[in-house]
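Trainee: I would like to go through this model with you. I will ask how each label is earned.
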Amino acid sequence: MSTKSDDIMQEIVRSISNLEGLDHIKKLVEKALKQKHPVNEIIEKGLKPGLDDVGGRYEKGEYFLSELLYAGEIMTGLFDVLKPHMKQGDIEQTGTILLGTVRGDMHDIGKNIFGMMAQFSGFKVHDIGVDANPERFVEETKKTGAGIVGMSTLLTSTLPEVKIVLDRLREAGIREKVKVIIGGNAVTKQFAQEVGVDAAALDVVEGVEICKKWATAK
Ligand code: B12
């Protein structure tokens with residue numbers, strides 16, 4: 001039996017899947033916030049499954065690139081609603097995270113959510129954007145003195161970029177000085193182990209928790 005609070009999540013999933021319009025979806029998210037659903041839950045149980053549906057419909061040929069683009073716009077619009085409700089962490093400045101989406105990949109919604117959540121948990125986040133080449137990851141890590149490097153990759157075709165970044169960090173002599181975490185739709189724990197990163201996060205909450213553990217273990 002579904003409860004009233006499950007209903008709002010299902011409504012969000014359905015309306016994103018059907019791309020029912022930003023204003024309408026904003027109202028649903030505001031309703032969920034009023035019902036005291038935490039931001040994490042709205043992202044993981046509402047927005048993410050909704051976007052997964054959009055991706056599935058794209059794969060089936062029911063949606064096209066324009067629909068994927070529109071889904072991206074909806075997400076960006078929803079950030080404004082969610083941001084004021086993200087809890088400020090009680091830890092002050094736990095370290096710096098160098099964050100980017102790997103070369104060849106333009107997806108940034110998940111990366112931005114992770115970046116925001118990490119900032120709210122006390123981290124300084126230096127975001128180098130999308131389609132970031134391996135040399136940039138290395139240069140910016142050195143420049144900022146970041147202790148954590150976060151890479152996002154949603155495309156299977158860009159997964160090999162993770163290894164290239166690791167190799168470049170090693171060549172620059174800083175691989176052992178940083179922890180590397182990866183996330184994004186294409187990432188699995190098995191891939192993380194095989195490629196030799198320190199962690200893979202399947203969602204932002206897990207990602208932030210791992211980074212916090214690293215920061216406090218120092
Ligand atoms: C919106 C979208 C787009 C938008 C992106 C807009 C934007 N500003 O990001 C646009 C239109 C640009 C786009 C383009 C393309 N897309 Co697209 N897209 C999507 C879609 C529908 C949603 C992605 C998303 O934002 N999800 C929601 C976020 C919150 O989830 P997430 O990114 O996984 O992030 C979560 C975690 O993974 C984690 N996380 C993410 N990053 C990081 C980083 C760190 C460090 C940590 C700790 C955690 C973390 O935290 C997040 C929250 O829990 C997905 C479908 C899907 N199921 O993902 C397809 C999808 C990713 N796209 C796909 C494809 C094929 C494409 C195109 C190639 C299409 C085309 N023919 O051109 C292009 C590629 C362009 C390029 N070079 O990058 C495929 C990829 C298939 C594959 N396995 O390779 C998917 C899976 C759709 C599908 N089912 O076919 N896309």
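Mentor: Start with the fold order. Along the sequence the protein runs α-α-α-α-β-α-β-α-β-α-β-α-β-α. That comes to nine helices and five strands. Keep in mind that this is a predicted model.

Trainee: What makes the radius of gyration agree with a compact globule?

Mentor: Set the value against the rule. The rule is 2.2 Å times the number of residues to the power 0.38. For 218 residues it gives a radius near 17 Å, and the protein has 18 Å, so the two agree. The C-alpha trace spans about 55 × 45 × 30 Å along its principal axes. Buried residues make up 38% of the 218. Of the contacts with a separation of 6 or more, 74% join residues 24 or more positions apart.

Trainee: How is the protein divided into domains?

Mentor: Domain 1 covers 4-85 and domain 2 covers 96-217. Their C-alpha centres lie 25 Å apart. Six residues from domain 1 and six from domain 2 make the contact. On the domain 1 side, helix H3 (39-59) and helix H4 (65-82) each supply at least two residues. The largest share, three residues, comes from H3. By class, that side of domain 1 has two nonpolar, two polar and two charged residues.

Trainee: Which residues of helix H6 are buried?

Mentor: In H6 (residues 134-144) they are Pro134, Phe137, Val138 and Thr141. The cut-off for buried is 20 or more other C-beta atoms within 10 Å.

Trainee: How do you know that they sit on the same side of H6?

Mentor: Look at the arc. They cover only 95° around the axis, which puts them on the same side of H6. These buried residues pack against strand E1 (96-101), strand E3 (148-152) and helix H7 (160-171). After H6 comes glycine 145, with a positive phi near 70°.

Trainee: What is unusual about phi at lysine 36, and why is lysine 36 called exposed or buried?

Mentor: Most residues other than glycine have a negative phi. Lysine 36 is not a glycine, yet its phi is positive, about 70°. It is placed in the loop between helix H2 (22-34) and H3. Now the count: exposed needs 12 or fewer neighbours. Lysine 36 has 8 C-beta neighbours inside 10 Å, so it counts as exposed.

Trainee: What makes aspartate 131 partly exposed?

Mentor: Again, set the count against the limits. Partly exposed lies between the exposed limit of 12 and the buried limit of 20. Aspartate 131 has 16 C-beta neighbours inside 10 Å, so it counts as partly exposed. It is found in the loop between strand E2 (124-127) and H6. Aspartate 131 also has a positive phi, about 50°, although it is not a glycine.

Trainee: Now the ligand. How many residues surround it, and which are the closest?

Mentor: There are 42 residues around the ligand. The closest are Gly55, Gly72, Gly110, Gly183 and Gly207. To count, a residue needs its C-beta atom within 6 Å.

Trainee: Which domains and elements supply the shell?

Mentor: Domain 1 and domain 2 each give at least three residues. H3, H4, helix H5 (109-120), E3, strand E4 (179-183) and helix H9 (204-217) each supply at least two. H3 gives the most, with nine residues.

Trainee: What is the class make-up of that shell?

Mentor: The shell has 21 nonpolar, 14 polar and seven charged residues. Glycine counts as polar here.

How values were computed
Residues are numbered from 1 along each chain as its sequence is written. This is a predicted model: local features need pLDDT of at least 70, side-chain atom pairs count only at pLDDT 80 or more; totals for chains, interfaces and linings use all residues. Domain bounds come from an automatic or database domain assignment. Two residues are in contact if their C-beta atoms, placed from the backbone, lie within 7 Å. Helices (H or I, at least four residues) and strands (E, at least two) are DSSP runs, numbered from the N terminus. The arc is that of the directions from the helix axis to the C-beta atoms.
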